Amino acid sequence: MCAKPKLYYFDGRGKMESIRWLLAAAGVEFEEEFLETRDQYEKLLQGGSLLFQQVPMVEIDGMRMVQTRAILSYIAAKYNLYGKDLKERALIDMYVGGTDDLMGFILMFPFLSAEDKEKQRAFIVQKATSRYFPVYEKVLKDHGQDFLVGNNFSWADVHLLEAILMVEEKKADVLSGFPQLQAFKARISSIPAIKKFLEPGSQRKPVPDDKYVETVRRVLLMYYDVKAN
């Protein structure tokens, strides 16, 4: 039996959360080692595990992989979540790229000041509803299928659901004007592997709190202030 993938990151979302989502969607069990001290991080650096001196890092199939997009692409291809041909893969890459851009606006949200958080919340909702969600709404409406690409469940669907739920945490009714996305959310959330990951007690991480922020700052020596977009 192959060893379970092992994830090295903080006990929180960050860039690792999409990797957790994709592994869970593929039905793959994984282990985690949480970075809590600078010494742990330095040990990984000194051991040569972090190719570009940064996490996330995932041990899988005898490799120590870094760079989030490379890790996600590997998992998607390995578990048949990356389309059936180059054209489908290109569409998946485009849709994932769009959701990545949107999620990027949320990634640093926990590190903002209270004043900047309110500005960023409005910015996130505005971008989601005017730039990103309309694209996926149109795709689903135009082709009339259950999934974004090739009418098969793929990485693009997993990533979009993750993004939708993240934006809903900033504004609960953000999908009110997007009936196709409302149906998509319900449909993808009911897939057994996804449903299991959304249940309490899974390895899905909660909204980042002050403890998570302080741990990341301490481990990465982040003493500067993050600014809103």
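1. How many of the residues of α1 are buried? Nine of its nine, so to speak the whole count, are buried, and the helix is described as mostly covered. Buried here means under 20% relative accessible area, exposed means over 50%, and partly exposed lies in between, with a 1.4 Å probe and protein chains only. The buried set of α1 includes Glu17, Ser18 and Arg20 as well as Ile19, Trp21 and Leu22.2. A word on the basis, before going further. This is a predicted model, in which local features need pLDDT of at least 70 and side-chain atom pairs count only at pLDDT 80 or more, while totals for chains, interfaces and linings use all residues. Residues are numbered from 1 along each chain as its sequence is written, and side-chain values use heavy atoms, with hydrogens and water left out. Helices (H or I, at least four residues) and strands (E, at least two) are DSSP runs numbered from the N terminus.

3. Isoleucine 19 of α1 deserves a look. Leaving aside neighbours within four places in sequence, isoleucine 19 is in contact (heavy atoms within 4.5 Å) with Leu7, Pro56, Val58, Thr68, Ile71, Leu72 and Ile75. Ile19 is also listed with Phe133, Leu148 and Leu181 as having the most contacts inside the largest nonpolar core, which has 74 residues. Such a core is a set of buried Ala, Val, Leu, Ile, Met, Phe, Trp, Tyr and Cys residues joined through side-chain atoms within 4.5 Å. Helix α6 (residues 155-168) gives the most to this core, with ten residues.

4. Now the domains. The assignment, automatic or from a database, gives domain 1 (6-79 + 198-220) and domain 2 (86-191). Their centres, taken over C-alpha atoms, are separated by 22 Å. At the contact between them, 21 residues of domain 1 meet 19 residues of domain 2. The largest core draws at least three residues from each of the two domains.

5. The UniProt record offers its own division. It lists "domain: GST N-terminal" at residues 3-83 in an unreviewed entry, and places "domain: GST C-terminal" at residues 85-209, also from an unreviewed entry. UniProt positions are given in the numbering used here, feature names are shortened, and annotations may be inferred rather than shown by experiment. In the model, residues 3-83 are 36% helix and 20% strand, with end C-alpha atoms 26 Å apart. Residues 85-209 are 67% helix and 0% strand, and the end C-alpha atoms there are 41 Å apart.

6. On to the strands, which count as paired if DSSP finds at least two bridges between them. Strand β1 (residues 6-9) runs antiparallel to strand β3 (residues 57-60), joined by three bridges, and leucine 7 has valine 58 as its bridge partner in β3. Four bridges pair β3 with strand β4 (residues 63-66), again in the antiparallel sense. Here isoleucine 60 is partnered by methionine 63, and methionine 57 stands opposite valine 66. β3 and β4 form a hairpin with two residues between them, and in the turn aspartate 61 has a positive phi of about 50°.

7. The aromatic residues are worth a tour. Rings of Phe, Tyr and Trp (its six-membered ring) pair if their centres lie within 6.5 Å; planes under 30 degrees apart count as stacked, over 60 as edge-to-face and the rest as tilted. The count comes to ten aromatic pairs. Tryptophan 21 and phenylalanine 197 form an edge-to-face pair, 5.2 Å centre to centre and with 75° between the planes. This pair links distant parts of the chain, with tryptophan 21 in helix α1 (residues 17-25) and phenylalanine 197 in helix α8 (residues 192-198), 176 residues apart. Both tryptophan 21 and phenylalanine 197 are buried. Phenylalanine 147 and phenylalanine 153 have ring centres 6.1 Å apart and planes at 50°, so that pair is tilted. Ring pairs also link Tyr9, Phe10, Phe111 and Tyr212 into a cluster.

8. Finally, please check the stretch that follows α1. Alanine 26 lies in the loop between α1 and β2 (31-34), and counts as partly exposed because its relative accessibility is 26%. Not counting residues up to four places away in sequence, alanine 26 touches Tyr79 and Leu81. The C-alpha atoms of alanine 26 and alanine 193 are separated by 7.3 Å, with their places 167 residues apart along the chain. Glycine 27, just after α1, takes a positive phi of about 75°.
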